[in-house]
Amino acid sequence: MFYYSLENHKKLVSFEHAVLRGLAPDGSLYFPEKIPILKRQFIQNLSKYDIYTLAMEIITPYIGKEISEESIYSIIHNTLNFPFPLQRIHDNIYVLELFHGPTLAFKDVGAKFMAECLSYFYKKIGKLVTVLVATSGDTGGAVAKGFHKMSGIEVIILYPYKGVSSLQEKQMTSLGKNIYALEIKGDFDDCQNMVKKAFLDKEILEKYRLTSANSINIARWLPQMFYYFLAYRQIKEENKELIFSVPSGNFGNICAGMMSEKMGLPIKYFIASTNINDTIPRFLKTKKYHPTSVKKTISNAMDISNPSNFSRIWYLYKKNMTQLCQKLSSYRFTDEETLAIIEMVWKEHKYMLEPHGAIGYLGLRQYLQNIKSPLAPAVFLETAHPIKFIDSIPLSLRKKISVPEQLKIIFSSNSEKLKTIQIPNDYNIFKNWLIERHK
Ligand SMILES: *Cc1c(COP(=O)(O)O)cnc(C)c1O
């Protein structure tokens, strides 16, 4: 499989090249030159395959022969090593729990998959790879964990000052070794802009073999397709078409869902659910793409106003608003609505949501209120464990949250003291730090 940048379809690069580069040299995102179509028979029999075989079938065409089949299998094996249960909440509404990984975030899958791919390529090229990543919360922890102690790879994480939860900060700053955490006096978009700039900076590129671990990297983005297949195979109905509501920030996850649909997975409709950082809901309504400054919310992993992956979605639907709107709606919700629904779902269904999943559920409800047609099975994604956002859960419910095993591990491995480096919101200072540190 070859990849081109969204801005330049003439220059094709390999999977390895796209993974190592992250962002294309012209500053746009890589995209596969074609989308493989899965056999109908495979889709109809999804539940008969084990998850590794299933994942192999989905991802191998995107890698081709660049990684041996045996190694792809082992990468998948190391990545999908926790459960992805689907629970029925009520009626035809299900939640897909994506938070059973080592950092209790759905990003564990993409981060691990990418770390494994990079480590494979490192063995081939033998040169230190530096992963540069901006995070609004969960990416940092998942990447730190997924890449920790992987030989030949160092990770530099930029996160917004006071923009992440204390647990998230701990996950990024406590590991040490090959993991460096920079606290930037700015918001997530500032962090992301610095990362984007660094990737185009010749002086930095001379010194470093840089790659990004944001969802813009194809090795983090593509494995998220697994979730949609894993949900599908758990719903017993025959000949079903699903509706998915995805709590969205950088729009990587939902875009992977849209790729699954293009590959042949029967998905009827997508809902991109956001907090008040609502550039996409506004875009679908007004046809005007106007990112604003980022507003802080309790669903802080989605405090993003200029979502990188939206360019992939826009391209996937041929930059055609009518086509896009036949498959996608997008709604925004406030913190008040988020808190109220967490309480209501606990009261009525004894299910504990956290703010991101709650927004996913709200989006689904809104959509179902708007349509009158018979209900297809509808799934929202719960992208983090409630314990991670305990400070944003209504006080009366906090005691009801179960404490998962992983959390004990995170805290017990916390003997090392927090390592964070503070950097002002100034690209040149950041750049100097990068250039000087290996002198
Ligand atoms: C990253 C994240 C999201 C948003 O995912 P995108 O792929 O960036 O849209 C939602 N919820 C949580 C908990 C996250 O960490």
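Around the ligand in this predicted model there are 15 residues, and Lys-107, Asp-138, Gly-249, Asn-250 and Thr-383 come nearest. Sorted by class, that shell holds six nonpolar, seven polar and two charged residues.

Three of the nearest residues also turn up in polar contacts with the ligand. The side chain of Lys-107 places an N or O atom 2.5 Å from one of the ligand's oxygen atoms. At Gly-249 the backbone takes part instead, with an N or O atom lying 2.8 Å from a ligand oxygen. Thr-383 pairs with a nitrogen atom of the ligand, which is 2.7 Å from an N or O atom in the Thr-383 side chain. As for how much of the ligand is left uncovered, the protein covers 98% of the 380 Å² of accessible area that the ligand has on its own.

That fits with where the ligand is found, as the ligand sits in the largest cavity. This cavity has a volume of about 280 Å³. Its lining is made up of 26 residues, and Phe-106, Lys-107, Gly-249, Asn-250 and Ala-301 are the closest to its centre. Lys-107 and Gly-249 thus appear again, both among the residues that come nearest the ligand and among those closest to the centre of the largest cavity. Asn-250 is likewise on both lists.

In terms of secondary structure, at least two lining residues of the largest cavity come from each of helix 6 (138-147), strand 10 (242-247) and helix 12 (252-263). Helix 12 gives the most, with three residues. By class, the lining of the largest cavity splits into ten nonpolar, 13 polar and three charged residues.

Counting cavities of 30 Å³ or more gives three. The second largest has a volume of about 40 Å³. It is lined by 13 residues, with Gly-249, Phe-251, Thr-274, Asn-277 and Ile-304 the closest to its centre. Gly-249 therefore has a place in the picture of both cavities, being listed close to the centre of the largest and close to the centre of the second largest, by the rule that lining residues have an atom within 4 Å of a point. Helix 13 (residues 279-286) provides the largest share of the lining of the second largest cavity, three residues. The class split there is six nonpolar, six polar and one charged.

Turning to open space, the largest pocket holds about 420 Å³. The pocket is lined by 18 residues, and Ile-43, Gln-44, Tyr-232, Asn-239 and Lys-240 lie nearest its centre. Helix 2 (40-44) and helix 11 (225-234) each put at least two residues into this lining, and helix 2 gives the most, with three. Classed in the usual three groups, the pocket lining has six nonpolar, five polar and seven charged residues. For the cavity where the ligand sits, the charged count is three.

Technical notes
Residues are numbered from 1 along each chain as its sequence is written. This is a predicted model: local features need pLDDT of at least 70, side-chain atom pairs count only at pLDDT 80 or more; totals for chains, interfaces and linings use all residues. Side-chain values use heavy atoms; hydrogens and water are left out. A residue is near a molecule or strand if one of its heavy atoms lies within 4 Å of it. A polar contact is a pair of N or O atoms within 3.5 Å; within protein, one must be able to donate a hydrogen and the other to accept it, and residues adjacent in sequence count only if both atoms are side-chain atoms. Accessible areas come from the Shrake-Rupley method with a 1.4 Å probe; for residues, only the protein chains shown count as cover. On a 1 Å grid over the protein atoms alone, a cavity is a set of points where a 1.4 Å probe fits but cannot get out, and a pocket is an open set with protein on both sides within 12 Å along at least five of seven lines; lining residues have an atom within 4 Å of a point. A molecule sits in a cavity or pocket if more than half of its atoms lie within 2 Å of its grid points. Ala, Val, Leu, Ile, Met, Phe, Trp, Tyr, Cys and Pro count as nonpolar, Asp, Glu, Lys and Arg as charged, and the others, Gly among them, as polar. Grid points are joined across faces, edges and corners, and a volume is the space filled by probe spheres set on the points. Helices (H or I, at least four residues) and strands (E, at least two) are DSSP runs, numbered from the N terminus.
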